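Me: I am in my first year and still learning to read protein models. Could you take a close look at a single part for me, the cavities and whatever surrounds them, and walk me through it slowly?

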Amino acid sequence: MLIFEKSSEGRYAKAQAPQTKAAVSGIPDHLLRKEMAELPEASELQVVRHFTNLSRKNFAIDTQFYPLGSCTMKYNPRGAHRAASLPGHLSRHPLAPESHSQGYLSCVYELQDILKEVTGMAGVSLTPMAGAQGELAGVAMIKAYHEARGDTERQEIIVPEAAHGTNPATAVMCGFKVKEIPVLPDGDVDLDALKDVVGPQTAGIMMTNPSTCGVFERQIEEISKTVHDAGGLLYYDGANLNAILGKVRPGDMGFDVLHMNLHKTFATPHGGGGPGSGPVAVGERLLPFLPTPIVGKTKDDSSFRWLDENDLPNTIGRLSAFMGNAGIILRAYVYAVLLGRDGLHRVGEFSTLNANYMAKLMADAGFKLAYPERRATHEFIVTLNEQAKTLGVTAMDFAKRLLDYGYHAPTTYFPLLVPECFLIEPTETESIDELEGFVEAMIAIQKEAEENADLVTHAPYTQPVKRLDDVKAARELDVAYSSAS
Amino acid sequence: MSNIPGELKYLSSHEWVRIEDDGETATVGITFHAQSLLGDVVFVELPEVGANIAAGDEAGVVESVKAASDIFAPISGEVIAINEELEDSPETVNSEPYEDGWFFKLKISDKDELAALMDADAYAEVCEADAH
Amino acid sequence: MPFVPHTEKDIEKMLDVIGVDSIDQLFDEIPSHLRAKPLHKVPEGLSEMDMMRRLSERAQQDAGALCFIGAGAYEHHIPAAVWDITTRGEFMTAYTPYQAEASQGTLQLIYEYQSMMSALTGLPISNASLYDGASGLAEAVLMAIRGNRKSKSKRVLVAGSVHPLYRKTVESIVENQGISVDEVTFDSSLLNTPVSALADFEGQDYAALIIAQPNFFGTLEDVDALTDWGHAQGMLVIGVVNPTSLALLSAPGTWGETGADIAVGEGQPLGIPLASGGPYFGFICCTDKLVRQMPGRIIGRTIDTDGKPGFTLTLQAREQHIRRSKATSNICTNQGLAVTAATIYMSLLGYEGLSRVANASHAGAQQLKSQLAGVAGVTLASQASTFHEFILQLDKPAASVLASMAERDVLGGFNVSDYYPELNSAILVCVTEVKTQTDLDKYVQALGDALQDAEAA
């Protein structure tokens, strides 16, 4: 039942609005609203109960193991949330003067330094509000760099076919053409194909490493040399940074620019689909183009101040009204402070240990790994192609049945080049018991699929709804309630 | 592949073309094979009547729940009609891809282009290769 | 290490099963010379207790001033229930609802959110939200360029009275696609955009006209006349609006003869704390005709295999994970958690509550305006109608007056002189329902004192 359907005319949470209705003066009648908007009319208790009950219809990290590949669903420390919610942080206006902002600015400044160190880059801007906006900033900087040198012939961005959809979408948003190159059966990029497409028209390449295939790109140095020799730049999609945090730095691999997903690697909550935060880091060449604002210090080093286009005349500009998802940045800072240098160093180690352990258990149980001869990174791919062909039970069916066993499904059908795949990312914060429990559930579902495929293909049974009619949703579009309809 | 009418011409991107009896008009749609790859069609975007399009141009988009494909113009010409019925009943593309599920009609501007199109046998081979 | 549950025994067992001697061996595909050295420049970790102490001190440093700055971020009362429920782990630590059956909570909530935004703006389609108001406006521009089939140009027209930081954001995002944004000058004595200002653009090809209501100066525009002008020129009309004001001012869907085509704005006033500028959320609503140009997630209502109602992501074929390089935008996430708070906020207040907030904010601003009329060295820049912000012109430099007020712990407004030099020394002042008469008196006192300081200096 919708909150609108619980409404009664004239009801609202009276403690929550001004006690009297103030008079309006001096506004011409034709600019005033004539009809009230159809918002809910409910009491405070009705609202509290409605949304509390809605929350219980969700899977979440706090309630379930959530091994969603490429999304890094690790524990979100409550301490970070509490610290970011201190009244002084919540009440600071984004345009408050620097005299009343030193506390916040100092946190931002320190996080900039920490992120420079863990990525091996020369400069950081925290303003992009999500990974995709970080990508936009990064590719826009590549464009600005070539234009500043008067090299306007570079119209192409190279993207491996296994890349996240955001990579080609971003390149196009920045006015580039996309050249996709294939990935070899062992998960590495096809270097010959790269050499065929690279040239004076190449602005850069966008890569994820470890790739979305869940393996480390072993030829990264040669790729770097090939693209750099042709005058292009290397973009690092930080979606999988968790795998290598503290172990390898993108800057040392030869990347010129990258974005990080703080909601993944730095454990800020995913919030049911955001807010995220997608800071960018750059090497020396791209420093002048960083998006604004950035936090710097005053000349005498005594206090912190905003750097804007007056300090960075070649900046690609501003990506939000203020300075991005400030509260998420604060949570990421707290996470880094809690972990410290040793803790950050071990993120990559334990996320990799967990993934390799699970991969081994799955392989031993008879599941087919997509890249069995490779080390898993922080995630790995299982293909259920055999089950789909012989039993008629697809990856989607396994995914839905997992929900009945109390596990969120891994990422399904991505990357597109592995048929019927599961991309599984356990993260470092899960215990050995959870990992084993998930594998046991997969073994049980496999048995069900062999004995009674229908049971699996009609799952789930324990959720608030069964499988939904997506075709009806798209053909008979209903995206807003109205009491009239 | 079962349903590839012999009288039509085809593109490897799965559009079909019918030359109407007047010899001047071409009707364009997508094949049975294409609609089965896409699954339930939920929306079709068509060109505007009066638009001049060239062979190989993107002339529209066909959308299912999980995919979207561009529709390419098989030959050049002016769009003289579009199938407005598809707006309310896109499922016709699934049920009758060669009849009521047509997309648009062109006034053919260069008949020589027809020679470059595939016949049914050649297209059947494309579908066959797809299946592997 | 914090948050890693493994015991020594666990680690031994796991390494044994994998068949390696050490964790380090798991990284043997990475060339050894690329391996990172210890992260010397990162400080040692702190316990939660020590961290909280540091963060509390820093929060304290920034707290305590009476804030009259608005300029796109507004201090409103946030009912306690809003964030109590929003921060339940089931909302806060879930992700994008790809597995619809296990995400009905978030999905139904977003459907309800879409319904509320559609009701407020008077436009039938809302998405699940964008990052913020400014980047939302950039998406609206891209939408208009794609959606206006009559226009062949890659140009849009924007009123100079639209928030300067929004205009900068739009430029940095859309200029990559070769789209140009041309500016309409505003009337500097009224601080709004008369239709006569558009005469120069008559008959030119632009994909869209962008106007704001209230505009950056807090002033009201004649949105009906501007919308009709834009439509007569074949442009789509994009309205940048404040959601609180929509409980008082006409909805974009009703502007002029046929209504604006796209409404976009900052959702922060709906229950989101100021919090240094984010996370907020951008809302965007449009006509039915433009639905397939909409960027980002959209939730639809449907039924399950038993015929029971349920909610799911829909029209996904527009999005990057399917369309890749042909997607409407590269956006994946929305600002789900901020939307959760806004949905609960709007449910608690209802239309009556929201209109009380809007009216009280407007009345407070009117009251402060009248109190300032008697202060020497202060002029109200325009006599035109305003919502809850207005421009003051000062006879002393704005920067030093504001600094002097800040020393008295009153943040007196936003200095607009840098963005609009033609207004000379000018500040933008905001009052909302949270300000009491005592607060207003304090403002008048602090401004008077600051001006005297400047006089003495």
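Reply: When the whole of this predicted model is searched, eleven cavities of 30 Å³ or more are found, and the largest cavity has a volume of about 220 Å³. It is lined by 19 residues, and the closest of these to its centre are Y74(C), Y166(C), P214(C), V240(C) and N242(C). Sorted by character, the lining of the largest cavity comprises ten nonpolar, seven polar and two charged residues. Three elements of chain C give two or more residues to this lining, namely strand 5 (208-213), strand 6 (236-241) and strand 7 (262-266).

To place the cavity, it helps to turn to the domains. Chain C is assigned domain 1 (66-76 + 351-456) and domain 2 (80-344), and the lining of the largest cavity takes at least three residues from each of them. The C-alpha centres of domain 1 and domain 2 of chain C are 28 Å apart, while 30 residues of domain 1 of chain C are in contact with 34 residues of domain 2 of chain C.

Next come the strands that contribute to the lining. Strand 5, strand 6 and strand 7 of chain C belong to an open sheet of seven strands, whose order is 2-8-7-6-5-3-4 and whose pairing is mixed. At the edges of this sheet stand strand 2 (125-126) and strand 4 (180-184) of chain C, and because each has a single partner strand, one side of each is left without a neighbour in the sheet. Strands of a sheet pair through backbone hydrogen bonds, and the pairing can be parallel or antiparallel. Strand 5 and strand 6 of chain C run parallel and are joined by six bridges; in one of these pairings, Q213(C) has V241(C) of strand 6 as its bridge partner.

Helices pack against this sheet as well. Helix 8 (residues 223-232) of chain C touches strand 3, strand 5 and strand 6 of chain C, and its direction makes about 175° with that of strand 5 of chain C. Helix 6 (residues 133-147) of chain C lies across strand 3 (155-159), strand 5, strand 6, strand 7 and strand 8 (282-286) of chain C, running at about 165° to strand 7 of chain C.

Chain C also has an open sheet of four strands, in which the order is 11-12-15-14 and the pairing is antiparallel. Here strand 11 (378-380) and strand 14 (414-415) of chain C are the edge strands, each with a single partner strand, so one side of each lacks a neighbour in the sheet. Strand 11 of chain C pairs with strand 12 (residues 389-394) of chain C in the antiparallel sense over three bridges, and T379(C) has Q393(C) in strand 12 of chain C as its bridge partner. Helix 12 (residues 437-456) of chain C lies across strand 11, strand 12 and strand 15 (426-430) of chain C, at about 25° to strand 12 of chain C.

To go back to where we began, the largest cavity, with its volume of about 220 Å³, has a lining that draws on both domain 1 and domain 2 of chain C, and strand 5, strand 6 and strand 7 of chain C each give two or more residues to that lining.

Note on methods
Residues are numbered from 1 along each chain as its sequence is written. Chains are lettered from A and ligands numbered from 1 in the order in which they are written. This is a predicted model: local features need pLDDT of at least 70, side-chain atom pairs count only at pLDDT 80 or more; totals for chains, interfaces and linings use all residues. Side-chain values use heavy atoms; hydrogens and water are left out. Two strands pair if DSSP finds at least two bridges between them. Contact means heavy atoms within 4.5 Å. Axes are lines fitted to C-alpha atoms, for helices over the stretch in contact, and angles run from 0 to 180 degrees between N-to-C directions. On a 1 Å grid over the protein atoms alone, a cavity is a set of points where a 1.4 Å probe fits but cannot get out, and a pocket is an open set with protein on both sides within 12 Å along at least five of seven lines; lining residues have an atom within 4 Å of a point. Grid points are joined across faces, edges and corners, and a volume is the space filled by probe spheres set on the points. Ala, Val, Leu, Ile, Met, Phe, Trp, Tyr, Cys and Pro count as nonpolar, Asp, Glu, Lys and Arg as charged, and the others, Gly among them, as polar. Domain bounds come from an automatic or database domain assignment.
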